[in-house]
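This briefing covers model confidence, one helix and the enclosed cavities of the structure shown below.

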Amino acid sequence: MAEEGEDVRTSETIRINILRCRQLRGVKGDSITSYVHADFDNKSLGDSSKVDSTPESEAEYNFSASFECTFTEVGHTFDDVAYKPVIITVNEVLPKEKKQKDEKTSVIGQCTVDLLPLLNGELRVESTLQLHPVVGSPMENLPPDIPKAEIDVVISVNEQLLESSNLTQSNLLTVRVGSAYSLPDSWSLLGAQYNYAIGMPIPTAAEKEIPLIFTNGSLKPGAEKEMANRPLKWFNLPNVTSAAQYIPSSVLERLSPDEEKGDLKQKDALDFRRDCENEKNRVTWDTERRYYLEPNARAVFQNKIAETRLWPVEIMRMPPPAQPKAAGGGKKDKGGSVEEDHQISFHGVCYVDLGPLLYPGVKKVAGAFLVQPFNDHDLADKTKRKQAIANDVIRVNSSISRMTGSSPVQKGGKGTASVAKDTPSKKSSAVMRPTDTGSEGDGIHHNIEGEMYLEARTFVYLEFILHQPLVPRREPEQLAKLVSEYIPPRPPFKRAVGGAQKAVEDFHNQIGSVSTMVLNEFRNLFGEEILDSEEPQNPEKQEERRKQLLFKLNSSGKYFAFKEQIKHSIVKIVREKYMKTTAFTDKGELQEFLSELYVYLIDEMHESLEKVLLVGDQYEGSPRSFADSEQLKRFAQEAEVNEEYDDAAMYYQERLTKDKNDPEHWFDYGTFNLLIGDYSKAAECFKESVSINQTFTKGLLMYGILCAMEGDKEEAETVFERTTGLTSNSSDLPSCLSWTILALFYDNLGNEIRAEHSYAEARQRNATAYSSEHDTAEENDTMDQLPSKGDLETVTSSLLPPSAGAVKQSSGSVKSASTTKGNKTGKRDGPGRIKSSAENSTSSKEILPNDQKPQSPLKDESAASRMKSIFLRTSEWLLDMKALKFAEIALSHELLDPLGGPGAEYHVALARLHMMRKEYTQAEENLNHATRIDHQHPDAWAITGHLHYVTGNLPSARDCYERTLAFIADASEMHAIYLRLGTIYIMEEEYLKAKETFLLACKYSPSCVSWLGVGIACYRLNELSESEDALAEANLLNNSNPEVWAYLSLVCLQTERKLEAEQSYKYAMNLKLKDEDLIHEIHLMQKKVGFGNPSF
């Protein structure tokens, strides 16, 4: 049992070693005799021996002192170590004068030693501190070029004060009080002066609260400017009068408005704050108090915040502490006369929202908090507390008048503020209740003095800082590791393939390389001869050329070089395929093996030569496509809108065939599968994109969304958290996207605290991004214009030479599609826009200049430049990614957001959602709302046109498209408008308008469909040369479109090119042309000209 008792520590000795001091100067010369004195918690730790020194020599004190830090509530506790410094005072021993018996001393400087590093786990801390001169010291007014006095101090312990488990479970709360601004008018620097105090409750382990009181606030004029970064004072150091009262390396740094959590962080309040802080009177504390929270106290603090969120911070004014009256001067009753002299006034309270301290990773709440009139009912309702701090403030202030140099804050537990035990419990005599300062009627009390805070808009700058967050946030490295466990990364290099298969592949490669070099030699020797010869296939000539080639190879040494090149691959085949690694002992077995090997190598050589020497047209289907990745993506999206999902899947798979290591290819294929409802395949695609690039934000977001939809909450949370640290590196995503999606996820789970944190982070990033974009837009306002559409005649002449011809009518059509968002909202010049039917029919109505156009009475003129809410930005991205469920959730929050509401943008986004779900009635209702709110919204009219197009109302679709093109601002998807409007023109046999519209589509976003439309329009206009050029462009972009080959066949038939007409017709039929009218037209033309169909 004795051994077990020895293992339990009850205290730890803290040692203070004062080594030396430099640059000391005395009263009567450079030579000085001095000693140091150390204090802690108003208790002396001893004096050093007297040491002589000069400014050039050091005063070697080598003084050691110590005190015990107990692990209980008795003696010097952890809380004392947290906020109380060791005070070092340097005293000069003055020379004795005549008839002087005792030595006189004079204080020349002080400094303070912070013990906090020992509480954080340090065993030894060495520091060099500046010695601050006191008033009247010989070092007080030294020239700035003379070095300051310094003192070397070492603090140490044998073992850590806190074990590692206590370090992680406990915490340190730092409370900083700055200044109160915009004071009531009655607070004047003239007349009677007062004491200003701030108090607040602090939790303890016993689920009780002790008062923390900051007294001695100083009323200062506005003309006395504050420093930007002000040093902070130690809490309650009555025996320090010099600059040593400031905590080393502790500065009150103002945060940016985005980082603050106070009541006055909005942009419209910043000017008010600036004026108050620079022009008006203020009360300044600039004091810091640290509290050690043991594990139980930390849990109590966290539970209190979760329960009420609001933390009361009371502010009040009272007369300064009165001095005790002399005997016979009329003593007052001990029961309450002193407290009556310290009756408070102007009792106010700040309700500080400490809820952000429950956010993951958040350690600080700081800002300017408005002062409200104190009211018992409000205090109980908002904070569930029944007792104010004001009573304790009175007791502390009254105790100052009785003190004889001791601190007004005495220990009543762990660093508690003093509360006199003999003070009567009669509170009404000290604290002015609302009934004392106002009127009482119908149970409603009015704090008249407190209401002056509201009139003046008084605010206090406060900071609450934790050493470590109450709710730890997972580090990016930890999240990255978890994500890699869910989605293992793909190896950076392709795994080497060994064995027999690799050996055979190497042999084929070497045969191909050697055969190519031999063929080049043959061409150099006989190329011109064969071209000039009339009988190139003469057997005798061939044999002669073979001998000459062999002679050339042997004489030049290339023959042996070729053999050496192939030999290594043959050795690998022998070892890997036939597993022969030892020498043959039987010659018969050797010959048998060589025969077998020879036959095998000859067969493999022929197979390899067939691949190398393959010539001629070996493919009877469609020719090879030359489209790049972006073009294939455009074709796939065109097929999506036309609901040709098989073709879209083919294009996406072809992109993957071209490059399987591009995460964008897998991501786009995943969004396509999400559109068609194949969620399992979509999840695999998103996982594949992340396995290629573990920081691919879009893939992580979409994979997390699918996990959330499938109910895998833990994996979804991990993935979403991971994306919040990656969005800043992704320029193609809204900066608020990841945080908004994470907030929607938490909101759906009912986790209000984390949802609130995520929403706040998203809004902050959204505001920062908007400010940056807005500033850039203003700087480049004169340059931020899209290229003019140009004159259509110039476009036509530059792309296709115009030619007159008869208009041939036909029922030919072209499929339209919507592609990626091409041109964003911009301006188009007048000459290039398409006039609507109403403009063509009414010649008297001319287009007004931009500044004279009529505006919608319901439209806010600043709507275009207004910041979008985080929900609208997120819903638009989710709609693009086909994540309809999350998009619907985001749009539902848009109605409640201060920046949102049922505006035109909201109804347009909701209409897009209904269109994707094929809920055309609801989509039409939303579009009607959008056009009523903003009748010049191009996207609203564009989507209305799409709605009429898919429902078969082509005349209405044409009117909407023409109206959209008539606006100065472009819609977000102009390509789809051009294609569908051009298609309608072809159906209505207005081929000239169709040609112009498709040419505009080709100029801004060329695709196979747009050039096909130009080709059809030109063909119907009998402009065959221009039609062939346009069809050739379409064929280059996508040579697997059967309609392109069909119209090329028609053009070739009319220009009497038999071979090309037959070839084009063959390709069109092999690609399964489905337009029966077009097939019938081709057959009629073939019969008319008498060729073009190989079956004739």
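**Confidence and scope**

In this predicted model, the protein has an average pLDDT of 80 (the predictor's confidence in each residue, from 0 to 100), and 81% of the residues score at least 70. Residues are numbered from 1 along each chain as its sequence is written. Local features need pLDDT of at least 70 and side-chain atom pairs count only at pLDDT 80 or more, while totals for chains, interfaces and linings use all residues; side-chain values use heavy atoms, without hydrogens and water.

**Low-confidence stretches**

- Residues 325-341 have pLDDT below 50, and this stretch has 16 contacts (heavy atoms within 4.5 Å) beyond near neighbours in sequence.
- Over residues 403-444 pLDDT stays under 50, and the model has 84 contacts beyond four places in sequence for them.
- Where pLDDT is low, the predicted coordinates should not be read in detail.

**Helix H6**

- Helix H6 (a DSSP run of H or I, at least four residues, numbered from the N terminus) comprises the 14 residues 295-308; its end C-alpha atoms lie 20 Å apart, in agreement with the 20 Å expected at 1.5 Å times one less than its number of residues.
- Ala-297, Arg-298, Val-300, Phe-301, Ile-305 and Thr-308 are the buried residues of H6 (under 20% relative accessible area, 1.4 Å probe, protein chains only).
- These buried residues fall within an arc of 160 degrees (directions from the helix axis to the C-beta atoms), so they line one face of H6.
- Asn-303 and Ala-306, both exposed (over 50%), are on the face turned away from the buried side.
- Arg-309 follows H6 and has a positive phi, near 65 degrees.

**Cavities**

- The whole structure contains seven cavities of 30 Å³ or more (sets of points on a 1 Å grid over the protein atoms alone where a 1.4 Å probe fits but cannot get out; points are joined across faces, edges and corners, and volume is the space filled by probe spheres set on them).
- The largest cavity holds about 90 Å³ of space.
- Its lining residues (an atom within 4 Å of a point) include Leu-162, Tyr-292 and His-467.
- Helix H3 (116-119) and strand E11 (171-181; a DSSP run of E, at least two residues) are the elements that give two or more residues to this lining.

Conventions: 1 Å grid on protein atoms, 1.4 Å probe; cavity = no way out; pocket = protein on both sides within 12 Å on 5 of 7 lines; lining within 4 Å.
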